[in-house]
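Reader: I am new to reading protein models, and I would like a close look at a single part of this one, namely how its strands are arranged. Please go slowly and explain each term as it comes up.

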Amino acid sequence: MRFVDEAVITVEAGDGGNGVASFRREKFVPFGGPDGGDGGRGGSVYLQADDDTGTLVDYRYTRRFRGERGKNGSGANCAGRGGESIILKVPVGTTIVDTDSGDIIGDLVEDGQRILVAKGGDGGLGNTHFKSSTNRTPRKCTHGFKGEFREIRLELKVLADVGLLGMPNAGKSTFIRAVSAAKPKVADYPFTTMVPNLGVVDADRHRSFVMADIPGLIEGAAEGAGLGIRFLKHLARTRILLHIVDVQPIDGSDPAYNAKAIIKELDKFSPTLSKLPIVLVLNKLDQLAEDTREEWCNHILQELDWKGPVFKTSGLMSEGTKEVVYYLMDQIEQQREREVEDPEYAAEMKAFRDQLEAETREQTIAAKEAYREMRRQQRLAGLMQEEDDDFDEDDDSEVETYYVR
């Protein structure tokens, strides 16, 4: 299944049914009076988080959803049937944004959580509502109200406690395979990981956290190099960043320079994101001779002027990975406990995460628009052919509409 983490859709709730003007027509009941029923309410549109849904691919081409219109009322005080509502399933971690105002409608972070995105129109009133002592034969009724119409953007960010960060081929996928049951693709060439992968890491019994493997970054990613910043937004909901550094890159590059480049790209994308706690992992120690490991690692740390926590591992041999897992588990539990016990700290962290969400959203949209403009200019200059890619503009010819009759 193709991984799609953004989609723009339109949702339209059903219109309310019309009220009716009717009068009783029964034998032996003279002057029966008005008996027009009300129209039914239109069907609403809801979005619901679903653990069994892992991508927004269902909304890439089917982008219009419409609720059922309410039925009209009828005589004998019979109200019309309400329209059927639509429930759209989206992955857990989906943020719903109104494209017109930019406001966040809701954030679905728990399985089964449901949000109303378009409310069905109320039904019209039958003439029964307009009878009075001075108007015993009202011929007035009202039409149903229009249902809400909205264009919304769905943004999926994976929910993880720890996010892996690093150059392509730094060993991130090998590391997550070593500490969890996740089985991402591993190969000896760059950009093996093309989509985020999640793994549940068990530290001890009843002690676990979620780790996210993010596709690798390279220098210039903020300007679109490599995979650009396509998946950096997925780090916005993590608590800790685990920076994996290959101590002996296959291309012969300087590992300290590579690590600095990653931090620089992270700061370019989001200064707030770069403020998350970062744990440095010097990986692939099995490629170094035992008598040179310590000296080489110290050289890298000195070049980086690193003052934070650091671990030395070999993901392939599972060497040193347990120490990393226990450290991360302790840090995550401490954060969780402090948020529960200290309301001020919890409010501070919530404000930080809200700022981070807003900043990453803004940067992602700006980067996508810049990329689209670059593609337009290339097409106009005849440097490339029309082709599909993840950032191509919407093509209405491929859009389908789904509605309930």
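Author: A good place to begin is one pair of residues: Val45 has Ala118, in strand β7, as its bridge partner. Before going further, please keep in mind that this is a predicted model, in which local features need pLDDT of at least 70 and side-chain atom pairs count only at pLDDT 80 or more, while totals for chains, interfaces and linings use all residues. Residues are numbered from 1 along each chain as its sequence is written, and side-chain values use heavy atoms, with hydrogens and water left out.

Val45 belongs to strand β2, residues 45–50, which pairs with β7 in the antiparallel sense over four bridges. Two strands are said to pair if DSSP finds at least two bridges between them, and the strands themselves (E, at least two residues), like the helices (H or I, at least four), are DSSP runs numbered from the N terminus. In general, strands of a sheet pair through backbone hydrogen bonds, either parallel or antiparallel.

If we widen the view, β2 and β7 turn out to be part of an open sheet of three strands, in the order β4-β2-β7, with mixed pairing. Because β4 (86–91) and β7 (114–118) each have a single partner strand, they stand at the edges, and one side of each is left without a neighbour in the sheet. Neighbouring strands here are turned by 30° against each other on average, direction ignored; axes are lines fitted to C-alpha atoms, for helices over the stretch in contact, and angles run from 0 to 180 degrees between N-to-C directions.

To set this beside another part of the chain, consider the open sheet of six strands in the order β10-β11-β9-β12-β13-β14, whose pairing is also mixed. Its edge strands, β10 (197–204) and β14 (310–312), each pair on one side only, and its neighbouring strands are turned by 25° on average, direction ignored. Here β13 (278–283) pairs with β14 in the parallel sense over three bridges, and Leu280 stands opposite Val310 in β14.

Helices lie across this six-stranded sheet, where contact means heavy atoms within 4.5 Å. Helix α2 (255–269) lies across β9 (162–165), β12 (240–246) and β13, and runs at about 150° to β12, whereas helix α3 (290–304) lies across β13 and β14, at about 145° to β13.

These elements belong to a chain with five helices and 15 strands.
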